[in-house]
Amino acid sequence: MTRKVADCRKFPSETNCTLTIAGEEDEVVQAASEHAVSVHKHEDGPELREQIRGTLEDEKVAT
């Protein structure tokens, strides 16, 4: 299974957040939504999780 990545650096933020989260898709969505709520003050809910899911990329593995 390909791991997914959520990278805060791809989105503007007041804190210039540099967090990157990698893992299985559901794990990343869960962790990224918790981060978005606690750090970036977003409101949690299905819409936030779907937005996050839509921004995930496949992890690039160095060879």
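Q: Which residue in β2 does alanine 6 stand opposite?
A: This is a predicted model. Strands β1 and β2 pair in the antiparallel sense, over 4 bridges. Across from alanine 6, in β2, stands isoleucine 21.

Q: In what order do the 3 strands of the open sheet lie?
A: The pairing in this sheet is antiparallel. β2 (20-23) and β3 (57-58) stand at the edges, each with a single partner strand, so one side of each has no neighbour in the sheet. The order is β2-β1-β3.

Q: Is aspartate 7 buried or exposed?
A: Aspartate 7 is found in strand β1, which spans residues 4-7. Its relative accessibility is 13%. Buried means under 20%. Aspartate 7 therefore counts as buried.

Q: With which side chain does the side chain of aspartate 7 make a polar contact at 2.6 Å?
A: The aspartate 7 side chain makes a polar contact with the threonine 20 side chain at 3.3 Å. A polar contact at 2.6 Å links the aspartate 7 side chain to that of arginine 9.

Q: Which residues does aspartate 7 touch, not counting residues up to four places away in sequence?
A: Arginine 9 has a polar contact with aspartate 7, but residues up to four places away in sequence are not counted here. Setting those aside, aspartate 7 touches Leu19 and Thr20.

Q: At about what angle does helix α1 run to β2?
A: Helix α1 covers residues 25-38. The helix lies across β1 and β2. Its angle to β2 is about 150°.

Technical notes:
Residues are numbered from 1 along each chain as its sequence is written. This is a predicted model: local features need pLDDT of at least 70, side-chain atom pairs count only at pLDDT 80 or more; totals for chains, interfaces and linings use all residues. Side-chain values use heavy atoms; hydrogens and water are left out. Helices (H or I, at least four residues) and strands (E, at least two) are DSSP runs, numbered from the N terminus. Buried means under 20% relative accessible area, exposed over 50%, partly exposed in between (1.4 Å probe, protein chains only). A polar contact is a pair of N or O atoms within 3.5 Å; within protein, one must be able to donate a hydrogen and the other to accept it, and residues adjacent in sequence count only if both atoms are side-chain atoms. Contact means heavy atoms within 4.5 Å. Two strands pair if DSSP finds at least two bridges between them. Axes are lines fitted to C-alpha atoms, for helices over the stretch in contact, and angles run from 0 to 180 degrees between N-to-C directions.
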